[in-house]
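Colleague: Could you take one strand of this model and give a close account of its surroundings, beginning with its pairing and then moving outward to the packing and the charged contacts?

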Amino acid sequence: MKKFELFSHRCLKKLRLDAVLFNSSEFLPSVNLRYLSGFTGSDASILLTGSEHHLFTDGRYKTQARQECPDFEIHVVRRKLDSIRSVMKRLQIRRLGLEAPRISHELATKLGRKVPDVQLVSLGRQFLDSLRIKKTPQEKSILQRAAEIASHSCEELLSSSLLGKTERQVAEKLEALFRANGAQGVAFETLVAAAERSALPHARPTDKVIEPGNFVLIDFGCTYAGYHSDETVTGVAGSPTGEQEKLHAVVYEAHMRAIDALKVGVGVKEVDSAARNVMMNAGLGKYFLHGLGHGVGLEIHEPPHLSPLGKGVIEDGMVFTIEPGVYVEGVGGVRLESLVYMDKTGPEVLSRMSKKLLTIG
């Protein structure tokens, strides 16, 4: 059963709906529309019923839609809502589910005026995101390739000296390497933070020059076939101090303990605790400022959420990060992040960079 058929069967029956509508625009794209249909253009709607599957788009995507969505009836139209209304009328739809987080209030209002006799039911993010929480073998393969490209690019970056270069220059070089090595682009703005700036969890790169003795934190990811990677390494330019080695050793232990704790059926809070307890026992708990990890796929942040507030358990097929970190103001920070695929037999680390303390020349 295909993704859209599986979703239609489950969603329509569970919520007693006649159809579900997804919409993607240049201003509010829907990754769920792409996931269900395969359509990668910037403007489209899909209408799913128990037996019919329609995609509405404009003339720019006439050929593309037919190539990417062979299982959908393609409607190339100028007035999308009028065409949707026509199909809904023919199918006698009375209860329509809307992907509320991705459909603007303006579009929902206009649709309501077009079909006043139809009850519009909002589908929340939690319900919809559960669609993508477990990856297919094909998705896993794509994510693995994205992770490999990113790791290889970072290894290539670190093969030459970063001393005397600015954070911004390092970030730009790494992003260029992504593309040279086959990535579509960057998963997010590459983060490079040197010295005391590494204590900022989301430090955007600046013109600060990397100098001997600096902590250097690099958080990076690329996109491949629409999917994301996410990885972080930390090193020292030159010889590390004892304090730098201690901070890194604690985070490294937390990282490894978390991976060891990964088992199908274990609560996401328990995995977070495995890492957080290491920090607490070392007297660094107050410097661990975020959750342990998050899901990665068509979006860089998606379920599951591994944190003290996270819900649910680890399931086979999930892909997520393990990224403990400590951030000591005025001293610096260490974050070690790996992308992990959860197999039935245990975790598989997709990232390829070493998480040991790197010596950065």
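Modeller: Two strands are said to pair if DSSP finds at least two bridges between them; the strands themselves (E, at least two residues) and the helices (H or I, at least four residues) are DSSP runs, numbered from the N terminus. The model is predicted, with residues numbered from 1 along each chain as its sequence is written, and local features are reported only where pLDDT is at least 70. Side-chain atom pairs count only at pLDDT 80 or more, while totals for chains, interfaces and linings use all residues, and side-chain values rest on heavy atoms, with hydrogens and water left out.

The strand I have chosen is E18 (338–343). Five of the six residues of E18 are buried, which leaves the strand mostly covered; here buried means under 20% relative accessible area, exposed over 50%, and partly exposed in between, for a 1.4 Å probe and protein chains only. E18 runs antiparallel to strand E15 (residues 319–322), joined to it by four bridges, and in this pairing phenylalanine 320 stands opposite valine 340. Strand E19 (residues 346–349) is also antiparallel to E18, again with four bridges. There, tyrosine 341 of E18 faces glutamate 348, and a hairpin of two residues connects E18 to E19.

The packing can be described through nonpolar cores, that is, sets of buried Ala, Val, Leu, Ile, Met, Phe, Trp, Tyr and Cys residues joined through side-chain atoms within 4.5 Å. The largest of these has 39 residues, and Phe7, Phe22, Leu36 and Leu55 touch the most other members. E18 supplies at least two residues of this core, as do, among others, helix H1 (3–15), strand E1 (19–24), helix H2 (31–37) and helix H7 (137–158). A second, separate core of 30 residues includes Val340 and Met342, together with Leu262 and Phe320. The opposed pair of phenylalanine 320 and valine 340 is thus found in that second core. In the largest core, the surroundings of phenylalanine 7 can be listed in detail. With neighbours within four places in sequence set aside, its contacts (heavy atoms within 4.5 Å) are Leu12, Val20, Phe22, Leu36, Leu48, Phe127, Leu128 and Leu131.

Another strand, E12 (residues 231–237), provides a useful reference. Seven of its seven residues are buried, so E12 is largely enclosed by the rest of the structure. Both of its faces are covered, with Glu231, Val233, Gly235 and Ala237 on one side and Thr232, Thr234 and Val236 on the other. Strand E9 (residues 215–220) pairs with E12 in the antiparallel sense over six bridges, one bridge partnership being that of aspartate 219 with threonine 232. E12 also pairs with strand E20 (residues 358–360), here in the parallel sense over three bridges, and alanine 237 has isoleucine 360 as its bridge partner.

The loop between strand E8 (191–194) and E9 contains alanine 195, which counts as buried at 9% relative accessibility. Apart from neighbours within four places in sequence, alanine 195 is in contact with Lys208, Asn214, Phe215, Val331 and Gly332.

Charged contacts complete the account. Side chains of opposite charge can pair when their charged atoms come close. Counting a salt bridge as a side-chain nitrogen of Lys or Arg within 4 Å of a carboxyl oxygen of Asp or Glu, the whole structure contains 26 of them. In one, the closest N and O atoms of lysine 135 and glutamate 302 are 2.6 Å apart. Lysine 135 sits in the loop between H6 and H7 and glutamate 302 in strand E14 (residues 302–306), so this pair ties together parts 167 residues apart in sequence. Lysine 135 is buried, at a relative accessible area of 7%, and so is glutamate 302, at 2%. Both belong to a network of salt bridges that also links Glu99, Arg102, Arg132 and Glu299.

A further salt bridge joins glutamate 26 to arginine 60, with 3.3 Å between the closest N and O atoms. Glutamate 26 lies in the loop between E1 and H2 and arginine 60 in the loop between strand E3 (53–57) and helix H3 (62–68), so the bridge connects parts 34 residues apart in sequence. Here glutamate 26 is exposed, with a relative accessible area of 52%, and arginine 60 is exposed at 51%. Arginine 60 also forms a salt bridge with aspartate 58, whose closest N and O separation is 2.9 Å.
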